[in-house]
Amino acid sequence: MVRVLSDSDVASVLDLEALLPIIADAFERQYAGAVTRPDRPHYPIGTGLNPDQPTEPTGTGLCMPAYVHGASYTATKLVTVCTDNAERGLPTVTAQISLADAETGQPAGYLAGNRITSARTGCIGGLAARELAVDGSIDLAVIGAGTQARWQTRAIAAAIGSALESVRIYSPSDSRLECAADLSGEIDAPVDPVSSPHEAVDGATVVVTATTSTDPVFPGDTLAAGTLVVAVGAYTPEMQELDATTIERSDRVFGDVPDEATETGDLREFPDLEVAPFGGVLAGEVGRRSDDEILVLESVGSAVLDAATAEYVLDRADEGEIGTTVLL
C-alpha cells in the first residue's frame with residue numbers, strides 16, 4: 001500500500017521544533033559521506049505546446065533523488081518551475097516526493113512536496129542562527145517577503161526561542177506588510193515592515209535573504225561586525241542576492257553543498273574562495289571563532305534534506321493513519 005499525503009496532510013504532522021534535529025542529523029550524515037545524492041538533472045518542459053512559440057519551453061523539470069544510508073526509504077523529489085504560473089494563480093514551483101522502501105524497492109509514499117521543501121529550507125536558517133550567530137539576543141533582518149521569508153523566520157524562532165529579539169522585513173513591494181502581519185501572529189518577537197534594505201540590515205545580528213533576485217539586495221558595507229548572513233535565494237549563476245562587499249568582508253563562507261554554492265551568482269566572482277561545508281559546523285568541527293567575525297552561509301538546497309524530512313513526515317502520518325492509502 002502507498003500512503004498519499006496532500007499538502008494539508010503534510011501540514012498536520014509537520015512540526016519545526018521536531019524537524020530541526022532531523023535536518024541537523026541529515027547535514028552531519030551528508031558531511032560524513034553517509035548519503036547517496038546523484039546529480040539532479042533538469043530539462044525544459046512544454047516545448048511545442050504554444051503554436052506561436054513552438055520552440056520555447058513552458059518551464060523546467062527537475063529530478064532530485066537521495067538516500068540517507070540506513071534510512072527506511074529512498075526518496076525522489078520531482079519539481080517543476082513554471083514562471084507564468086503567477087498569472088494563473090498557481091505556484092511557480094511545484095514539488096512531489098516519492099518514497100520507496102529501501103530494502104524491497106516497493107512504493108511506500110507519495111507526498112505533496114512544496115511544504116516539505118519550504119520547511120527543510122527554513123531549518124537551514126534556523127540551525128545557522130543557533131550555531132553561528134553571536135550568543136545573546138538576535139535582531140533578525142529578512143530581505144524578501146514571500147513563502148521562504150516566512151519559513152526562515154518561523155524556523156529561526158523555533159531554533160533560538162526567546163533569544164529572538166526583533167524581526168525587520170523588507171521587500172520593494174507592499175508584500176512586506178502582509179508578511180510582517182502574518183508573522184506577528186505566529187512568533188513572539190515583534191515583526192516590523194521597513195522601507196529600505198539599509199533600515200532592515202543596519203544593526204541586525206542575523207540577515208536572511210530569501211528572494212529570486214538577479215542583483216544584490218542590500219549593501220554589504222551596512223553589515224555590523226559579527227553579523228551572520230544566510231542567503232537562500234540564489235541557486236543558479238544568474239541569480240544573486242549578495243554583493244561583492246559582503247563576500248569580501250566575510251571572515252568565512254559556509255555552504256550546504258559547497259561545490260554547488262560556488263556556482264551561484266553570489267560566489268561566482270570568487271573562484272578561489274574556500275567554502276566550508278555547513279555539516280562540519282553541526283558535527284562540532286568548526287564554528288564561530290570570535291564575536292566580530294562576519295559569517296556567510298550560502299544555501300542551494302540538498303535532496304538529502306528532502307529525503308530526511310519526507311521520511312519523518314511519512315512515519316508520523318503512518319502513526320496517525322493520516323492521508324489516503326492506495327494499492328498500485
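Here is a short tour of the model, going from the whole chain to a few residues worth selecting.

**The whole chain**

Keep in mind that this is a predicted model. Start with a cartoon view: the secondary structure comes to 11 helices and 16 strands. The radius of gyration is 20 Å, close to the 20 Å that the globule rule gives for 328 residues, so the protein is as compact as a globular protein of that length. If you draw a box along the principal axes, the C-alpha trace spans about 55 × 50 × 45 Å.

Now switch on the surface. The protein exposes about 14500 Å², and carbon and sulfur atoms supply 47% of that area. Buried residues make up 52% of the 328. Of the contacts with a separation of 6 or more, 69% are between residues 24 or more positions apart.

Next, colour by charge. You should find 19 positive and 51 negative charges, and the mean positions of these two sets are 2 Å apart.

**Stop one: Ala-95**

Select Ala-95, and you land in strand β6, which covers residues 93-101. Is Ala-95 buried or exposed? Its relative accessibility is 6%, and the cut-off for buried is under 20%, so Ala-95 counts as buried.

Show what Ala-95 touches, skipping residues up to four places away in sequence: you get Lys-77, Leu-78 and Val-79, then Leu-111, Ala-112, Gly-113, Asn-114 and Thr-117. For a distance check, pick Thr-74 as well: Ala-95 and Thr-74 are 21 residues apart in sequence, and their C-alpha atoms are 16 Å apart in space.

**Stop two: Thr-309**

Jump to Thr-309 in helix α11, residues 303-320. Thr-309 has a relative accessible area of 0%, so this residue is buried. Which residues does Thr-309 touch, leaving out those up to four places away in sequence? Light up Leu-14, Leu-19, Ile-23, Ile-116 and Arg-120.

**Stop three: the aromatic pair**

Finally, show the aromatic rings. A search of the whole structure finds one aromatic pair. Select Phe-27 and Phe-278: their ring centres are 5.2 Å apart and the planes sit at 85°, so the pair is edge-to-face. Phe-27 lies in helix α2 (residues 16-32) and Phe-278 in helix α10 (residues 278-282), so the pair ties together parts that are 251 residues apart in sequence. Hide the surface to get a look at them, since Phe-27 and Phe-278 are both buried.

Notes: Residues numbered from 1 in each chain as written. Predicted model: local features only at pLDDT ≥ 70, side-chain atom pairs only at ≥ 80, totals over all residues. Heavy atoms only, no water. Helix = DSSP H or I, 4+ residues; strand = E, 2+ residues; numbered from the N terminus. Rg over C-alpha atoms; globule rule 2.2 N^0.38 Å. Buried < 20%, exposed > 50% of the residue type's maximum accessible area, 1.4 Å probe, protein only. Contact = heavy atoms within 4.5 Å. Areas by Shrake-Rupley, 256 points an atom, 1.4 Å probe, with all protein chains shown as cover. Lys, Arg positive; Asp, Glu negative; His and termini not counted. Charge placed at Lys NZ, Arg CZ, Asp CG, Glu CD. Phe/Tyr/Trp six-rings, centres within 6.5 Å; stacked < 30°, edge-to-face > 60°.
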